[in-house]
Amino acid sequence: VGAGKSTLVHLIARLFEAPDGSLFLDGRDIRTVPLSTLKASIGLVSQDIFLFSETIRENILFGRHDARPEDLEEATRIAALLPSIQEFPERFDTLLGERGVRLSGGQKQRTALARALIKNPPILILDDAFSSVDVQTEERILNELKASMEGRTIILISHRISTVKDADQIVYLKEGRVVEAGTHRELLAREGHYHRLYQKQLLASELEA
């Protein structure tokens, strides 16, 4: 907590501006990329989820108004939201109420994920997007994302090692600095910060079981 994870992705989305020559996207200084192009290329699911007091359909299509019905269904399927929607009598036309009051915390996160996915972005940023989702559902969503986002970039922010362990590159931040980077196997072999966090979470999981 407070290591700078969210700040880093906010720089990528240019919610904060990085200094010139410090942040690059495909080798290009991110500040030279037109903001409209950058926004169209990024799907961002942040910790602070905002839902409109409209229907589920309108909340998800906020990301892409020209989407087809099958696109809407596919995005909610990948986000593991479709079964929940099918339980509502009005399905996609269910009114959510103020800030999505009719949904649980996990359903809100999955609605925000579906909204990002329907844009079909080349870059998907998930900032602690599974904190209210159980581990089994999280694993199912991650497996779906691997298939649907093949050839594109997913940036996952999490304190759960189970979320990031299959990433091509894992970065461990501490007090605003990168202290370790590598694959899950490489970081465990170093027996540093990542390894200690892994051991703690493994022990906590065993105690819960």
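Guide: Helices and strands are DSSP runs, numbered from the N terminus, and with that in mind we can walk through this structure, which is a predicted model.

Visitor: Where does Thr55 lie?

Guide: Thr55 sits in the loop that runs between strand 3, residues 42–45, and helix 3, residues 56–61.

Visitor: Is Thr55 buried or exposed, and how should I decide?

Guide: The general idea is a cut-off, since buried means under 20% relative accessible area and exposed means over 50%, with partly exposed in between. Thr55 has a relative accessible area of 11%, so Thr55 is buried.

Visitor: Which residues is Thr55 in contact with, leaving aside its neighbours within four places in sequence?

Guide: With those neighbours left aside, the contacts of Thr55 are Phe92, Asp93, Thr94, Leu95 and Leu96. As for its side chain, a polar atom there lies 3.1 Å from the backbone nitrogen of Glu58.

Visitor: I would like to practise the burial cut-off on other residues; what do Leu23 and Thr37 count as?

Guide: Leu23, which is found in the loop between helix 1 (5–12) and strand 1 (24–25), has a relative accessible area of 18% and is therefore buried. Not counting residues up to four places away in sequence, Leu23 touches Leu11, Ile12, Ala18, Arg28, Asp29 and Ile30. Thr37, by contrast, belongs to helix 2, and because its relative accessibility is 40%, Thr37 counts as partly exposed.

Visitor: How far apart in space are Leu23 and Ser148, and how far apart are Thr37 and Ser162?

Guide: Here one keeps sequence and space as two separate readings. Leu23 and Ser148 are 125 residues apart in sequence, and from C-alpha to C-alpha they are 27 Å apart in space. Thr37 and Ser162 are also 125 residues apart in sequence, while their C-alpha atoms are 33 Å apart in space.

Visitor: What is the order of the strands in the open sheet, and how do they pair?

Guide: The open sheet has three strands in the order 3-4-5, and the pairing is parallel. Its edge strands are strand 3 and strand 5 (153–157), each of which pairs on one side only. From one strand to the next, the twist averages 10°. Strand 3 is joined to strand 4, residues 123–127, by four bridges, and within strand 4 it is Leu126 that stands opposite Val45.

Visitor: Which helix lies across strand 3 and strand 4?

Guide: That is helix 6, residues 105–117, which runs at about 175° to strand 3.

Visitor: In what sense do strand 6 and strand 7 pair?

Guide: Strand 6 (residues 170–174) and strand 7 (residues 177–182) pair in the antiparallel sense, over five bridges, and Val171 stands opposite Ala181 in strand 7. The two strands form a hairpin with two residues between them, where Glu175 takes a positive phi near 50°.

Visitor: Why is a positive phi worth pointing out?

Guide: A positive phi is worth pointing out because most residues other than glycine have a negative phi. Asp26, although not a glycine, has a positive phi of about 55°; this residue is in the loop between strand 1 and strand 2 (28–29), and Asp26 counts as exposed because its relative accessibility is 83%. Glu191 likewise has a positive phi of about 55° without being a glycine. Glu191 is placed in the loop between helix 9 (184–190) and helix 10 (193–208), and its relative accessibility of 56% is why Glu191 counts as exposed.

Visitor: How many cavities of 30 Å³ or more does the structure hold, and which residues line the largest cavity?

Guide: Empty space is found by rolling a probe the size of a water molecule over the atoms. The structure holds one cavity of 30 Å³ or more, and the largest cavity has about 30 Å³ of space in it. Its lining consists of Asp128, Phe130, Ser131, Glu138, Ser158, His159 and Arg160.

Visitor: What is the volume of the second largest pocket, and which element gives the largest share of its lining?

Guide: The second largest pocket has a volume of about 550 Å³. It is lined by 19 residues, of which Leu44, Val45, Phe62, Arg115 and Lys119 are the closest to its centre. Helix 2 (35–41), strand 3 and helix 6 are the elements that give two or more residues to this lining, and the largest share, four residues, comes from strand 3.

Note on methods. Residues are numbered from 1 along each chain as its sequence is written. This is a predicted model: local features need pLDDT of at least 70, side-chain atom pairs count only at pLDDT 80 or more; totals for chains, interfaces and linings use all residues. Side-chain values use heavy atoms; hydrogens and water are left out. Buried means under 20% relative accessible area, exposed over 50%, partly exposed in between (1.4 Å probe, protein chains only). A polar contact is a pair of N or O atoms within 3.5 Å; within protein, one must be able to donate a hydrogen and the other to accept it, and residues adjacent in sequence count only if both atoms are side-chain atoms. Contact means heavy atoms within 4.5 Å. Two strands pair if DSSP finds at least two bridges between them. Axes are lines fitted to C-alpha atoms, for helices over the stretch in contact, and angles run from 0 to 180 degrees between N-to-C directions. On a 1 Å grid over the protein atoms alone, a cavity is a set of points where a 1.4 Å probe fits but cannot get out, and a pocket is an open set with protein on both sides within 12 Å along at least five of seven lines; lining residues have an atom within 4 Å of a point. Grid points are joined across faces, edges and corners, and a volume is the space filled by probe spheres set on the points.
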